Amino acid sequence: MFKIKKRMAAILSAAVMTTQIAVAPPDLTMKTPSDISVSAYAADTLTISDMPSDFASAADWIWTNRIEREGSTTRRNTIFDMIVAGKGTINYVVKWQSYRTVTYEQRQNFETMLSDCINGWNDWLAGYENWPYDHIDVKIVGWAVIDESSLLDLHDDEVVYTDTKYYDAQYDTSNGRDVIPDKEPFAPSEISRFDHFAEKNYQYPGGLDKRFDMYMWATQGFPDIGGCGGDWGQRLSDTAYLNMIDGSGIHVLEHEIGHGFGMTDFYGGEGESDGFPPGGFPGGENSLMMAGSAAKITNFDGWMLRYMWTKIKNEDGRFDLANAQPPVTTTTTTTTTTTVTTTPAIKPERIEFTDTIVNIDEYSITFKENGTF
Ligand SMILES: [Zn+2]
């Protein structure tokens, strides 16, 4: 019920937005994952000139003083990059750092939840300045687990990775009830976009469909509220993810995904180097990226995402829009449970819930969270 309401709210919000700018509303009909379509570059395509005039100075300020200065869209592994390289798809591996059991239905619901969140952002890009996709096909292509028995009723077509490495939780904040596991599961480096995006001609074993772009990282014992996001994925507590299946608190995941696009937090004060634009956020809805100020992707957030696309889309050699269309042929293969023995690709991370924004390592864009996010 909550989820339906939320979807309705999103549709209403989008409808209001399109009314204001007097163009045809975007196609908001439900689509199946196979319905990846490429937008016609119609004459009524939205451009930056359609941005409400009172949004401009705040968007400029955020771009110059936060995003550009912090370089949060510099690495060519933002979600913009992932989607275009994936020809309208995003693939996840779930990093289930938990002994809690997950039913088959819950696993399917996680895929729907991730799709809703990615497409909650993509709905703003559809029909805007050569963005090629009306809908993103989001898939969970594997589960990395510390205990295979946590996956109930495992199906033949589910891919499971059981290799783990030692995890030192001493710097993590705990929820005070559960012990944070001392093992961290991981998927093979050779199918990780994070590990290979900079290699121009890298071929994923098994093809593009077999790669994964991000982790949905669930950690037992993590605080109930709070998380981290970057181009490696989104990390929340296992129970936070499970509770989101009915739509509750899904904006927290959308916030973390916002970081994957290169959006910044706004923990600081007005006009400050880590703060929000002078005069605040226009539009009267604040921003999902300002923790606690909004519980949805606001109109301003949507326009900020569009603005970011405008800024980066023409970077030399960055987006291969001529080949953005998904291939016509598709392959269906059945994969059995596998165990891999590769060297862990992502360095051990220590995540605290603090006010600071840090880089976990020189390759990752990671934003530590506090408060309600
Ligand atoms: Zn954040």
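Mentor: A residue is buried if 20 or more other C-beta atoms lie within 10 Å of its own, exposed if 12 or fewer, and partly exposed in between. The model here is a predicted one.

Trainee: Why does Lys-87 count as partly exposed?

Mentor: Lys-87 has 19 C-beta neighbours inside 10 Å, so the residue falls between the two cut-offs and counts as partly exposed. Lys-87 sits in the loop that joins α3 (79-85) to β1 (89-97).

Trainee: What is the phi of Lys-87?

Mentor: Phi is about 55°, a positive value, although Lys-87 is not a glycine.

Trainee: Where is Glu-129, and is Glu-129 buried or partly exposed?

Mentor: Glu-129 belongs to the loop between α4 and β2 (137-145). With 18 C-beta neighbours inside 10 Å, Glu-129 counts as partly exposed, because buried would need 20 or more. Its phi is also positive, near 35°, and Glu-129 is a residue other than glycine.

Trainee: What makes α4 and α8 roughly perpendicular to each other?

Mentor: The axes of α4 (residues 104-125) and α8 (residues 299-312) cross at roughly 65° and come within 8 Å. Angles of 65 to 115 degrees count as roughly perpendicular, and therefore α4 and α8 are described that way. The crossing is right-handed.

Trainee: Which residues make the contact?

Mentor: From α4 come Trp-121, Trp-124 and Leu-125, and from α8 come Gly-302, Leu-305, Arg-306 and Trp-309.

Trainee: How many residues of each class does the contact of α4 with α8 have?

Mentor: By class, five are nonpolar, one is polar and one is charged. Gly counts as polar and Arg as charged.

Definitions and conventions
Residues are numbered from 1 along each chain as its sequence is written. This is a predicted model: local features need pLDDT of at least 70, side-chain atom pairs count only at pLDDT 80 or more; totals for chains, interfaces and linings use all residues. Axes are lines fitted to C-alpha atoms, for helices over the stretch in contact, and angles run from 0 to 180 degrees between N-to-C directions. Helices (H or I, at least four residues) and strands (E, at least two) are DSSP runs, numbered from the N terminus. Angles under 35 degrees count as roughly parallel, over 145 as roughly antiparallel, 65 to 115 as roughly perpendicular and the rest as oblique. A crossing is left-handed if the near helix is turned anticlockwise from the far one by less than a right angle, and right-handed if clockwise. Two residues are in contact if their C-beta atoms, placed from the backbone, lie within 7 Å.
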